[in-house]
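Me: I'm new to this structure and would like a close look at a single part of it. Could you walk me through that part and what surrounds it?

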Amino acid sequence: MRGALSAVEILAESSLAGGLARLKTTDFGVIVLSLAALPCSGDRAFEELQRIAPGTPVIAHHREGAIDDVISLTRFGAFYVLLGELDPQSLAEAVAKANRKSQARLEENAANAPWRRFLIGQSRAMLQICEIIELVAAKRCTILITGETGTGKEVVAKAMHAASNRAAASLVSVNCTALPATLIETELFGHAKGAFTGAHASRVGRFEQAHRGSIFLDEIGDLPLEAQAKLLRVLQEQEFQRVGSSETVRVDVRVIAASNVDLEQAARERRFREDLYYRLNVVPMQLPPLRERREDIPLLLEHFLEKIRSAENAPPKHISEEAVEYLQQLDWPGNVRQLEHAVQMAFAMSGDRALLCPNDFLTRKPVIAERIIDGSSSREATPIRVTQQGLDFDEVMSGIELSLLNQALVLSGGNKARAADLLKIKRTTLLAKMKSLAERTGSSEDTAPARRPAASERAPTLAVLLLEIDPPVRQLIFKTLQQNGFRLLDAASPSEALELVDAWHREISLLIAPAELQSQKNATGLEIENLIASCRRTAPGMGFLLLSDSRSQTTAPQNQARTQVLSCPFSANGLLDAVQTLAGVPLRECEEACA
């Protein structure tokens, strides 16, 4: 019998009482009942089994039974009855049939559950995920969801919360990657009034917001070690203290964490606390990549089409069988998220056609992709096309995303906050995308993607950077220099000026700033002389024009070449003469000096 049922895990109990006790703590797909070992009648045994494990198929073995016994046992609820000597092959076939019924019941129950709408797919892998959710959703145990980027970890977390008895309360999602390192504790646990400068009122943290509900900690592997230690205490004690307060706050929170990195490996490398890993990994859920559940792609395509149609209020569209077959052959390194983006693009580019064909996914309008290579940017003027050799979809989409980031940074003069506004995303999101793209391209985060514009995009004239200029004076400078072909960049603080110089040092030829910074330390602690010295280290050929109130009698800083003080008020011609004198060094000379 071991060989016939080699693919089935078998647990045996020698008595009915032992079997009933085991059924109370463990779910089984099939029950095999030997009538010879029963201390009671068959109908009483079946009554107990149906009470404890309703819906689980029961195979009965009656060594001395006849056809009448088969009929009566079937009426009692038996799925299959085996008579006479137990034949391993017959038992294996009966177990296989019962298991198929049990699986069909699981699929039906999962499909009818309200939370099931979050999870699209009927593959074995997805059904296993649904089964885990059914088993643990009502419990408070911590869940750790792992899987590649784009596999749907947050969607599974939403399904877990919706299936639990906490569904009426909040599911609070926290992106650990986007949390500023200095504000992590405040974000998670809140702070008391007066805890630090600017804390004018008390604030409730994310854990308090999730009281009696669930909290989803996405990309938890990015939490700093100090924050990990404080999180461990919350998981163990279900209590914490707000920043700046000695009052202990108790919460009832179900924690669901997710990561696309191997936390066990990170723990071995001391990048993640080992005790926190084991505390989180109570119920592990490994999400399969899309390439391992290709049979779910047709269902996902239908779901995405309906989602897009509803959002766009557009006529319905369908995907041809040829297109579905083509999409099922791809590896999808970006998984479900990449598939959704592909459907969005095909939906938009198909125009008014109601049927999407393989060509809608194969061809694209010409796109100029920009990539960072060895810290400098280059443009590929060749339209992106799919050849017989295929292409790396993730790499192409990363190139398009990188091009958009660089265009925004060019328009914003390298200012990341303004670039984020142009793209209508948060600054933290822009920084996270820059970091992600830098990792993919192998360049450093400081050089990708905002190192400087491509050579073809550099301004043909010299750039001038303005720092903390009064509005009336600033307006005069902008008008005068723009009319004479100079490109203007603007910085609101010395730290921002240094960031722009670092990113655009080959283009910026001159810095114009108030000379009075000489006697006033700014927020970063930089005086004007220190600011000039810092800029010179990055751009040795840069000039500096300091604007001074005529009453202050300010002179140029000592030992500072290519530095001039211009007294206010000044004329447009006086400004232009000073700028042309200080910015007169050819750009090539500046680049050689920087090199």
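Me: Let's start with one residue: is Glu 226 buried or exposed? After that, please take me through the sheet and the core around it.

Reply: Happy to. A quick note before the details: this is a predicted model, where local features need pLDDT of at least 70, side-chain atom pairs count only at pLDDT 80 or more, and totals for chains, interfaces and linings use all residues. Residues are numbered from 1 along each chain as its sequence is written, and side-chain values use heavy atoms, with hydrogens and water left out.

Now your residue. Glu 226 is exposed, with a relative accessible area of 58% (buried means under 20%, exposed over 50%, partly exposed in between, with a 1.4 Å probe and protein chains only). Its side chain meets that of Lys 230 in a salt bridge, 3.7 Å from N to O (a side-chain nitrogen of Lys or Arg within 4 Å of a carboxyl oxygen of Asp or Glu). Lys 230 is partly exposed, at 29% relative accessible area. Both sit in helix α9, 4 residues apart, so about one helical turn separates them. Helices here are DSSP runs of H or I with at least four residues, strands are runs of E with at least two, and both are numbered from the N terminus.

Helix α9 (225-237) also takes us inside, as one of the elements that each supply at least two residues of the largest nonpolar core. That core has 31 residues, and Phe 207, Ile 215, Leu 217 and Ile 220 have the most contacts inside it. By nonpolar core I mean a set of buried Ala, Val, Leu, Ile, Met, Phe, Trp, Tyr and Cys residues joined through side-chain atoms within 4.5 Å. The largest share, 5 residues, comes from α9. Apart from this core lies another of 23 residues, among them Phe 304 and Val 324.

Take Ile 215: leaving out residues up to four places away in sequence, its contacts include Leu 171, Val 174, Phe 207 and Ile 256 (contact means heavy atoms within 4.5 Å). Arg 206 is on that list too, and Arg 206 forms a salt bridge with Glu 187, with the closest N and O atoms 3.2 Å apart. Glu 187 lies in helix α7 and Arg 206 in helix α8 (206-209), so the pair ties together parts that are 19 residues apart in sequence. Glu 187 is buried, at 13% relative accessible area.

On to the sheet. Five strands make an open sheet in the order β5-β8-β11-β4-β12, with parallel pairing (two strands pair if DSSP finds at least two bridges between them). The edge strands, β5 and β12 (283-286), each pair on one side only. In the middle of things, β4 (143-146) pairs with β11 over 4 bridges, and Ile 145 stands opposite Ala 258 in β11.

Those two residues lead to one last neighbour: Lys 153 touches both Ile 145 and Ala 258. Lys 153 is found in helix α6 (153-163). Lys 153 is buried yet has no salt bridge, and the nearest side chain of opposite charge, Glu 219, is 4.5 Å away (Lys and Arg count as positive, Asp and Glu as negative, while His and the chain ends are not counted).
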